[in-house]
Amino acid sequence: MENKYPMNQRRLRANIHIRELASTVVLDHKKFIQPLFVNQNLTERKDVPGMGDIWSDTIISVKETIKSDMKNGVTKFLLFPVPKDKYDQDFNFDFAVKVVKEIKAEFNSNIWLACDLCLCSYTSHGHCGILSPDHSRLLNAPTVSLLSDYALKLARAGADCIAPSDMTDGRIKAIRQILDNYELDHVSIMSYSSKFSSQYYGPFRDACDSAPNSHGLKNRKTYQISPQNLNDALESSFRDAAEGADMLMVKPAALYNDIISAIKQNTNKPVAAYHVSGEYASIELMANAGLLDKEKAHIETWTSLVRSGADIVISYASRHAKEWISRIEM
Ligand code: PBG
Ligand code: ZN
């Protein structure tokens, strides 16, 4: 007799139990990192426009945020310090150092604290490093040397990990060297190794007061990677790994699943996917318009990142990961 049900795929979709058994992606909140904004200009915590329930903290309120996040199962954080003053030279990193010190004094090894390392919240022109006098170019060597000094200060303050997001060449090697020279060899480096020149950083730049506003260089295209260049993303990532990056990163995340897979398949370093502010805000906007369920949209997005090969997820909704993952079935 002829088989009436050839190639039946629906048996494996028939109920929640068999779907769980058959799934190839299992999300785990322990793989998530929560970003934190700490802004020296604030006297109380303040919402980030476009980002729903994401806010910037003061140096005081950030401790309350971390306490509450820990109750929700978050133990890994990525800190973005935003200083009050802007500089072209004689940079002062005291605020960032103070934030790291105070957080680590309170939470010690109960949390893992990575600190973003960049200059765009510091410079008067909003670029990620030092510009030439006519503002036509971002200068590599002086930027790397300043970033290395900054990394040393953050590591001495107690940061568990330094996360350079500036995109100059050779910074990973220089940072690794200075950390090792000062017996900070235990401090890890998570490189923003595939950071694309993207439209999706808008809400973040508002929060960190870091949009480029120079009369010379108008955008970050001469240092961030073109979305049209896969080779550059691969070369930059392997170069950073060779220079001593412990972890690699792809950013933005959900539009760059192909990059995540390609890097994952060609390295043994943990790969982090950073679902950035504009990606987060897109979900927020659609949810507010009644076009999708925000929680399920995040779960679906995170699933796609892990399915592509991400070992680590950096999401503004990490503080909900434990609860959402346990409650929501796909
Ligand atoms: C700064 C930095 C940016 C982000 C992380 N570090 C923005 C930029 O490069 O302009 C983006 C994060 C986000 O959008 O969530 N170098
Ligand atoms: Zn920057």
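**Exercise 1: an aromatic cluster.** Find which residues form one aromatic cluster with Phe37.

*Solution.* Start with the pairing rule: rings of Phe, Tyr and Trp (its six-membered ring) pair if their centres lie within 6.5 Å, and planes under 30 degrees apart count as stacked, over 60 as edge-to-face and the rest as tilted. The cluster is then made up of Phe37, Phe80, Tyr192, Phe204, Tyr274, Tyr280 and Tyr316.

Before going on, a word on the model: it is predicted, so local features need pLDDT of at least 70 and side-chain atom pairs count only at pLDDT 80 or more, while totals for chains, interfaces and linings use all residues. Residues are numbered from 1 along each chain as its sequence is written, chains are lettered from A and ligands numbered from 1 in the order in which they are written, and side-chain values use heavy atoms, with hydrogens and water left out.

**Exercise 2: two pairs of tyrosines.** Work out how many aromatic pairs there are, and what Tyr122 and Tyr150 tie together.

*Solution.* Step one: the pairing rule gives 15 aromatic pairs. Step two: Tyr122 and Tyr150 make an edge-to-face pair, 5.5 Å centre to centre with 75 degrees between the planes. Step three: place them. Helices (H or I, at least four residues) and strands (E, at least two) are DSSP runs, numbered from the N terminus. Tyr122 is in the loop between β5 (112–117) and α4 (140–157) and Tyr150 is in helix α4, so this pair ties together parts 28 residues apart in sequence. Step four: check burial, where buried means under 20% relative accessible area, exposed over 50% and partly exposed in between (1.4 Å probe, protein chains only). Both Tyr122 and Tyr150 are buried.

Now take Tyr280 and Tyr316, another edge-to-face pair, with 5.9 Å centre to centre and 70 degrees between the planes. Tyr280 belongs to helix α9 (residues 277–288) and Tyr316 to the loop between β11 (312–314) and α11 (321–327), so the pair ties together parts 36 residues apart in sequence. Tyr280 counts as buried because its relative accessibility is 1%, and Tyr316 counts as buried at 2%.

**Exercise 3: charges over rings.** Which ring does the charged end of Arg45 sit over?

*Solution.* The test is that NZ of Lys or CZ of Arg is within 6 Å of the ring centre and within 35 degrees of the ring normal. For Arg45, the ring is that of Trp55, with the charged end 3.7 Å from its centre. Lys195 gives another case: it lies over the face of Tyr201, 5.8 Å from the ring centre.

**Exercise 4: the zinc site.** Name the cysteines that coordinate the zinc ion (ligand 2), and describe the geometry of its site.

*Solution.* First, donors are N, O and S atoms within 2.8 Å of the metal (3.2 Å for Na, K and Ca); water is not among the atoms, so sites may look incomplete. The zinc ion (ligand 2) is coordinated by the SG atoms of Cys118, Cys120 and Cys128, at 2.2 to 2.3 Å. Next, the angles: four donors count as tetrahedral if all angles lie between 85 and 135 degrees. Among the 4 donor atoms here the angles run from 99 to 119 degrees, and the site is tetrahedral. Along the chain, the donors follow the spacing C-x1-C-x7-C. Cys118 and Cys120 are both buried.

**Exercise 5: empty space.** How many cavities of 30 Å³ or more does the structure hold, and which residues are closest to the centre of the largest cavity?

*Solution.* On a 1 Å grid over the protein atoms alone, a cavity is a set of points where a 1.4 Å probe fits but cannot get out, and a pocket is an open set with protein on both sides within 12 Å along at least five of seven lines; lining residues have an atom within 4 Å of a point. Grid points are joined across faces, edges and corners, and a volume is the space filled by probe spheres set on the points. There are 3 cavities of 30 Å³ or more, and the largest cavity holds about 220 Å³ of space. Its lining has 23 residues, with Phe80, Asp116, Cys120, Ser165 and Phe204 closest to the centre. Helix α6 gives the most to this lining, with 3 residues.

Conventions. Tetrahedral: all angles 85-135°; square planar, octahedral: opposite > 155°, others 65-115°.
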